[in-house]
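Here are my notes on the model, set out as numbered points. Please read them alongside the sequence and the coordinates.

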Amino acid sequence: MSTPFSIRPATLEDALPIAKAQVAVWRSAYRDILPKALIDRMTVPDREKGWRRILESYETSGRGAVFVAEQEGKVVGFLSCGDQRDDALSDRFSGEISAIYVEASRQGIGTGLMAAGAQALLDMGHKTAALWVLSDNAVARAFYESLQGAQVAERLPEDGPENNLSEVAYGWSDLAELARA
């Protein structure tokens with residue numbers, strides 16, 4: 001039996017727990033995908049500052065949202081979403097899921113976060129959304145496909161030692177359906 005969880009909008013006080021969750025998941029999920037030096041560069045203090053800026057920006061503009069998933073009083077996952085930032089996708093997908101991280105073995109939390117994000121995007125006036133994921137992240141790709149995400153674009157590696165990773169974009173043309181997930 002899985003432990004119950006709750007999902008709620010993030011507050012500024014969540015910047016540190018979000019940063020901790022992101023770094024933990026980053027180090028676990030990407031250890032076989034990304035170079036160790038790149039993984040080691042992500043730190044909790046840097047991510048806390050970044051999340052504080054993001055949360056303040058969304059609070060001021062109203063053009064984004066962050067949700068946290070809590071289980072037994074601990075943030076175990078989060079999602080951020082807002083207006084599409086990628087020109088290559090903006091003509092077909094006006095909304096973007098900019099980050100989703102969930103600690104391993106958290107059955108149902110990712111789906112709940114995606115539904116909350118989809119509803120927030122709908123509330124902002126978006127009907128469609130997309131996200132980018134590393135091509136080699138098979139677990140995340142399977143998750144997006146299980147939620148009926150369709151592969152809609154690809155970015156090939158650029159020159160440079162840390163730019164040898166390709167990405168694929170998944171899109172949802174009906175956020176209302178995803179919000180019911």
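1. A salt bridge is counted here when a side-chain nitrogen of Lys or Arg lies within 4 Å of a carboxyl oxygen of Asp or Glu. The model is a predicted one, and a search of the whole structure under that criterion returns 9 salt bridges. In general terms, side chains of opposite charge can pair when their charged atoms come close.

2. The side chains of lysine 36 and aspartate 40 form one such salt bridge, with an N to O distance of 2.6 Å. These two residues are 4 apart in helix 2, so lysine 36 and aspartate 40 are separated by about one helical turn. Lysine 36 counts as exposed because its relative accessibility is 60%, whereas aspartate 40, with a relative accessible area of 39%, is partly exposed.

3. A salt bridge in helix 3 joins the side chains of glutamate 48 and arginine 52, at 3.8 Å from N to O. Both residues lie in helix 3, 4 residues apart, which is about one turn of the helix. Glutamate 48 is partly exposed at 23% relative accessibility, and arginine 52 is partly exposed with a relative accessible area of 32%.

4. Glutamate 167 and arginine 155 form a salt bridge in which the closest N and O atoms are 2.9 Å apart. This pair links distant parts of the chain, given that glutamate 167 belongs to strand 7 and arginine 155 to strand 6 (residues 150-155), with their positions 12 residues apart in the numbering. Glutamate 167 is partly exposed, its relative accessible area being 23%, and arginine 155 is partly exposed at 34% relative accessibility. Beyond these pairs, Arg8, Asp14 and Glu70 are linked in a network of salt bridges.

5. Turning to the interior, the largest nonpolar core has 28 residues, and those with the most contacts inside it are Leu79, Cys81, Met114, Leu131, Tyr144 and Trp172. Several elements each supply at least two residues of this core, including strand 3 (74-83), strand 4 (95-102), helix 5 (109-123), strand 5 (129-134) and helix 6 (138-146). Helix 5 provides the largest share of the core, 7 residues.

6. Which residues does methionine 114 touch, leaving aside those up to four places away in sequence? Its contacts are Leu79, Ile97, Ile100, Leu131, Phe143, Tyr144, Leu147, Trp172 and Leu178. A second, separate core of 24 residues includes Ala15, Val23, Tyr58 and Leu165. As a general tendency in soluble globular proteins, nonpolar side chains are buried together.

7. Helix 1 (residues 15-29) has 15 residues and spans 21 Å from its first C-alpha to its last, close to the 21 Å expected at 1.5 Å a residue. The buried residues in helix 1 are Ala15, Ile18, Ala19, Ala21, Gln22, Val23, Val25 and Trp26. The elements that cover these buried residues of helix 1 include helix 2 (36-41), helix 3 (44-61), strand 2, strand 3 and strand 4.

8. Strand 4 is mostly covered, with 6 of its 8 residues buried. Strand 3 pairs with strand 4 in the antiparallel sense over 7 bridges, and serine 80 stands opposite alanine 99 of strand 4. Strand 4 and strand 5, by contrast, run parallel and are joined by 2 bridges, with glycine 95 having alanine 129 in strand 5 as its bridge partner.

How values were computed:
Residues numbered from 1 in each chain as written. Predicted model: local features only at pLDDT ≥ 70, side-chain atom pairs only at ≥ 80, totals over all residues. Heavy atoms only, no water. Core = buried A, V, L, I, M, F, W, Y, C linked by side-chain atoms within 4.5 Å. Buried < 20%, exposed > 50% of the residue type's maximum accessible area, 1.4 Å probe, protein only. Contact = heavy atoms within 4.5 Å. Expected span 1.5 Å × (residues − 1). Pairing = 2+ DSSP bridges.
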